[in-house]
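Please open the model in a viewer and keep the sequence panel visible. The stops below are given in the order in which they may be selected.

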Amino acid sequence: MTSRDKTENSPLLPSAEVPDNHGSCAESDDCGAVAIENDANNSPADFIHCEFAKDAVDTIQLALPIFISRVSYVGMKTTDTALLGHVSGEALSAAALSDLWTMCTGVLLQGRILGVLVGQSIGAKNHHIALVYLRISYIILGLLSVCVMISWGYTQKVWEALGQSTALAKDAGYYSSVFIFMVPPQIGFDQLVQFFSAQRIMKPEVVTALMALILNLILGLVFVLGMPFRLFDGYGFIACPIVTVVVDWFQFIVISSYFNWFLKSDQVWRDITREASFAPVEVTSPSRSHSKKRFLSLLDGITKKRITTFSRLYFPAALSLSSDFWRMGVIGAMAASIGEREVGLFNASYRILWITLIFVGALSGASGIKVGLRLGNGNAMGARQAASIGLLLSLFLLSVLSILVYFNSRAFGMVFTNDRRYLDLFEECRGPFCCALFFMNLAVAIESIPINMGRTGIVFYASFIASWLGQVPGVYFLTRFWRNDLYALYTGIAIGEFSSRRKLRFISTNRSRCSFCIQATFYSCFCTAQLFTPVTGICMLNLQWRGLK
């Protein structure tokens, strides 16, 4: 008997899905809101409360490979920047303009919600559903990527309209046009990484990320700078985006090959794919039997309801991430209006925020993997513990990093510049900057909990309100009516991030039907009397999510 032949209920978003008698997954008749549903016949013995210390160590061990892969990605971007810096200043500026525009639109493809559905499907032993949602993610993101790629084709016209020189805008347009060919492998790679990591299979992501980092460096040195050849100067700016595209395709091919091998070598997945391949298909021509069978197997389990489920989770998550990115872009423009030194220091300090986010993101990702698997298995207490451990580890890490940056602000600043004026300015505003660093990353850690439960809509609305009704207006008013410097700007960021804090409490687990009951209290405090922010009072939202019988 395979996993698709089991008839037990499965806690899957948005409702339980159980295998039918033919081995394919049929949707349950329960059409309630997104919720966690657990089998009423499960006994309390199924919910084993792991020792807290062991669970914390396991979370850290799971976070390490995530951290390595994210550092590798940052290393690739840093390598490209360093290579272009050795080509010319104009090349570096053109790449910066290209990255700014492509990231503004490409962030829509970074919802990364597939792991939530795959994790709960695997935890519920509904492996076939995991493959279904993988294919659905390719369909949704493939259609969305068309709009993104079209927008990248207008990079030159956008920057010309914004006042950049024709030569610089043309180089930026070329850079973005080459990157269009990078979108398909990026989508394929990201979805397969989520598919594996949701099952705690981290090796493919780590190995391919490190291989890509090394390959990107080698190809960049050879084709961009012409090293180590004496008679070859390289192709310079033209070759840099091509090297990046080649490396991305290499990543995708490697992990796709591993994916095909994995489906054939693992016993459970081999049985599932075999059942799909031997499904009865009515054909009128024997020559079309194989192709039609293959096509129908790819569509097996894809329904309108599941597409809607994925879309309702994905688009709020992608828009929330996009809103955060666009918000920082607007604040960066405000920093530019203050002065040249201020915008330069803001960009450098933003790199520090990005580095600390790698640490917190790794812990949140590890915690989210464990939450999804345990919710899928109906282990509400285990999911509660995994979320609590991830949040506590993030709090501890952020406290250490914030204190470290506060007392060594000049040393951190020297990583980016040796100019004493910049270092003095950074040391002057280190207080609000460290507060912004703490609350900004803490918000990311807290948001990961409802996201991994499928509450992406709540996260989007709360993030949107805190960003555009709290943080951006707060920064504007503080820099205009209090003090026009980075101290006020970072204070506004810190207040805005504090306003988006969320305290989530897992308050009960019903032993009779193992329902998952979570109460999330959203505290929003904008402190307007002292800091002139435009929103007053405290906004408190109490939401209860209960499992269905």
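Begin with V146, which is partly exposed at a relative accessible area of 41%; here buried means under 20% relative accessible area, exposed over 50%, and partly exposed in between (1.4 Å probe, protein chains only). The model is predicted, so local features need pLDDT of at least 70 and side-chain atom pairs count only at pLDDT 80 or more, while totals for chains, interfaces and linings use all residues. Residues are numbered from 1 along each chain as its sequence is written, and side-chain values use heavy atoms, with hydrogens and water left out.

V146 belongs to helix α4; helices (H or I, at least four residues) and strands (E, at least two) are DSSP runs numbered from the N terminus. Add I150 and Y154 to the selection: with V146 they make a nonpolar surface patch of about 290 Å². Such patches consist of residues with over 30% relative accessible area and no salt bridge, like charges being joined within 9 Å and nonpolar side chains (Val, Leu, Ile, Met, Phe, Trp, Tyr) within 5 Å. A salt bridge is a side-chain nitrogen of Lys or Arg within 4 Å of a carboxyl oxygen of Asp or Glu. The areas come from the Shrake-Rupley method with a 1.4 Å probe, and for residues only the protein chains shown count as cover.

Next, select the interior. The largest nonpolar core has 71 residues, and those with the most contacts inside it are L131, F195, F259, W269, F310 and Y314. Its largest share, twelve residues, is supplied by helix α4 (residues 127-152). A nonpolar core is a set of buried Ala, Val, Leu, Ile, Met, Phe, Trp, Tyr and Cys residues joined through side-chain atoms within 4.5 Å. Centre the view on L131: not counting residues up to four places away in sequence, L131 touches F195, F259, L263, W269 and I272, where contact means heavy atoms within 4.5 Å. Another core, of 33 residues, lies apart from it and includes L345, A436, L442 and A494.

Now move to α3 (114-123). Is this helix mostly covered or mostly open? It is mostly covered, with nine of its ten residues buried, among them L114, V116 and I122. Just after α3, K125 takes a positive phi of about 65°. K125 sits in the loop between α3 and α4 and is partly exposed, with a relative accessible area of 37%.

For a second positive phi, select R200, in the loop between α7 and α8. R200 has a phi of about 65° although it is not a glycine, and its relative accessible area of 36% makes it partly exposed. Most residues other than glycine have a negative phi, and most peptide bonds are trans.

Step back to S197 in helix α7 (residues 183-197). S197 counts as buried, at 11% relative accessibility. A polar atom of its side chain lies 3.3 Å from the backbone oxygen of Q194. Leaving aside neighbours within four places in sequence, S197 is in contact with M202, E205 and I369.

Proceed to P228, in the loop between α8 (203-224) and α9. The peptide bond from M227 to P228 is cis, with omega near 5°.

End at W249 in helix α9 (residues 239-265). W249 is partly exposed, at 34% relative accessible area. Which residues touch W249, leaving aside its neighbours within four places in sequence? They are F181, P184 and P185. The C-alpha atoms of W249 and M182 are separated by 7.3 Å, although these residues are 67 apart along the chain.

How values were computed:
A polar contact is a pair of N or O atoms within 3.5 Å; within protein, one must be able to donate a hydrogen and the other to accept it, and residues adjacent in sequence count only if both atoms are side-chain atoms.
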